[in-house]
Amino acid sequence: MIKKLTTDELPKLLAELKHWQLSADSSSIHRSFKFADFNEAFGFMTRVAIKAQEMDHHPEWSNVYSQVDITLSTHTAKGLTDRDITLARFIDSIA
Ligand code: HBI
């Protein structure tokens with residue numbers, strides 16, 4: 001099974017993901033996105049969805065018109081793993 005990131009590893013990785021907020025229990029990270037309109041928001045979601053499917057690692061997310069909220073966590077590990085960091089980096093690169 002994929003290994004959860006340790007409390008030693010987390011600060012360094014999260015320092016680079018400045019826009020992401022760590023949950024109180026350190027099991028997930030969250031970022032909100034605001035786009036010009038629904039078309040922009042859904043285009044972004046489509047790109048994330050394709051990457052998520054390639055990775056077999058999927059976001060928890062919601063969309064209201066031009067807003068997209070994303071929470072990343074690895075359900076099988078019950079916490080944050082390298083996969084969440086990889087997906088967060090990708091999301092930042094296209095946001
Ligand atoms: N996505 N975020 C997240 N966490 C998982 O544990 C996960 C996933 N996508 C697919 C997936 N696991 C599969 O490998 C199976 O567990 C269904």
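These are my notebook entries on a predicted model, taken site by site.

**Entry 1. The ligand**

I began with the ligand and listed its neighbours. Asp-56, His-57, His-58, Ser-73, Thr-74, His-75 and Thr-76 surround it. I then sorted this shell by residue type. Six of its residues are polar, one is charged and none is nonpolar.

Next I looked up the polar atoms facing the ligand. In the side chain of His-58, an N or O atom is 2.8 Å from a nitrogen atom of the ligand. Ser-73 takes part through its backbone: an N or O atom there lies 2.8 Å from a ligand nitrogen. His-75 also uses a polar backbone atom, at 3.1 Å from a nitrogen atom of the ligand. How much of the ligand's accessible area does the protein cover? On its own the ligand has 390 Å² of accessible area, and the protein covers 66% of that.

**Entry 2. Asp-56, a member of the shell**

I stayed with Asp-56, since the shell around the ligand includes this residue. I placed Asp-56 in the loop between helix 2 and strand 3. Its phi is positive, about 55°, although Asp-56 is not a glycine. Is Asp-56 buried or exposed? Its relative accessibility is 56%, so I filed Asp-56 as exposed.

**Entry 3. The loop between strand 3 and strand 4**

I looked for another positive phi and noted Tyr-65. Tyr-65 is not a glycine either, and its phi is near 50°. This residue sits in the loop between strand 3 and strand 4. With a relative accessible area of 52%, Tyr-65 is exposed.

Ser-66 lies in that loop too, between strand 3 (60-64) and strand 4. Its accessibility reads otherwise: at 4% relative accessibility, Ser-66 counts as buried. I checked its side chain for a partner. A polar contact of 3.1 Å joins it to the side chain of Lys-34.

**Entry 4. Aromatic rings**

I moved on to the rings. How many aromatic pairs does the structure hold? I have five on record. One of them is Phe-35 with Phe-44: the ring centres are 4.8 Å apart and the planes meet at 35°, so I entered the pair as tilted. The cut-off matters here, because planes under 30 degrees apart would count as stacked. Phe-35 and Phe-44 are both buried.

Phe-38 and Phe-42 make another aromatic pair, and this one is stacked. Their centres are 5.5 Å apart, with 25° between the planes. Why are Phe-38 and Phe-42 separated by about one helical turn? They are four residues apart in helix 2 (residues 38-55), which accounts for that separation. I checked the accessibility of each ring residue. Phe-38 is partly exposed at 38% relative accessibility. Phe-42 is partly exposed as well, with a relative accessible area of 44%.

I also looked for a grouping beyond pairs. Trp-20, Phe-33, Phe-35 and Phe-44 form one aromatic cluster.

**Entry 5. The largest nonpolar core**

Which residues touch the most other members of the largest nonpolar core? I found Trp-20, Phe-44 and Ile-91, in a core of 22 residues. I then traced where the core comes from. Helix 1, strand 2 (29-34), helix 2, strand 4 (67-72) and helix 3 (82-94) each supply at least two residues. Helix 3 gives the most, with five residues. Two names recur from the previous entry: Trp-20 and Phe-44 also belong to the aromatic cluster. As background, nonpolar side chains tend to be buried together in soluble globular proteins.

**Entry 6. Glu-16 and its partner**

I went back along the chain to Glu-16, which is found in helix 1 (residues 10-16). Glu-16 is partly exposed, at 40% relative accessibility. Which side chain does the side chain of Glu-16 join in a polar contact of 2.5 Å? The partner is Arg-89. I also took one long-range spacing. Glu-16 and Ile-85 are 69 residues apart in sequence, and their C-alpha atoms are 9.8 Å apart in space.

**Entry 7. Gly-79**

My last stop was Gly-79, in the loop between strand 4 and helix 3. With a relative accessible area of 1%, Gly-79 is buried. From Gly-79 I took the spacing to Ser-93, 14 residues away along the chain. Their C-alpha atoms are separated by 23 Å.

Terms used: Residues numbered from 1 in each chain as written. Predicted model: local features only at pLDDT ≥ 70, side-chain atom pairs only at ≥ 80, totals over all residues. Heavy atoms only, no water. Near = heavy atom within 4 Å. Polar contact = N/O pair within 3.5 Å; in protein donor to acceptor, adjacent residues only side chain to side chain. Areas by Shrake-Rupley, 256 points an atom, 1.4 Å probe, with all protein chains shown as cover. Nonpolar A, V, L, I, M, F, W, Y, C, P; charged D, E, K, R; others polar. Buried < 20%, exposed > 50% of the residue type's maximum accessible area, 1.4 Å probe, protein only. Phe/Tyr/Trp six-rings, centres within 6.5 Å; stacked < 30°, edge-to-face > 60°. Core = buried A, V, L, I, M, F, W, Y, C linked by side-chain atoms within 4.5 Å.
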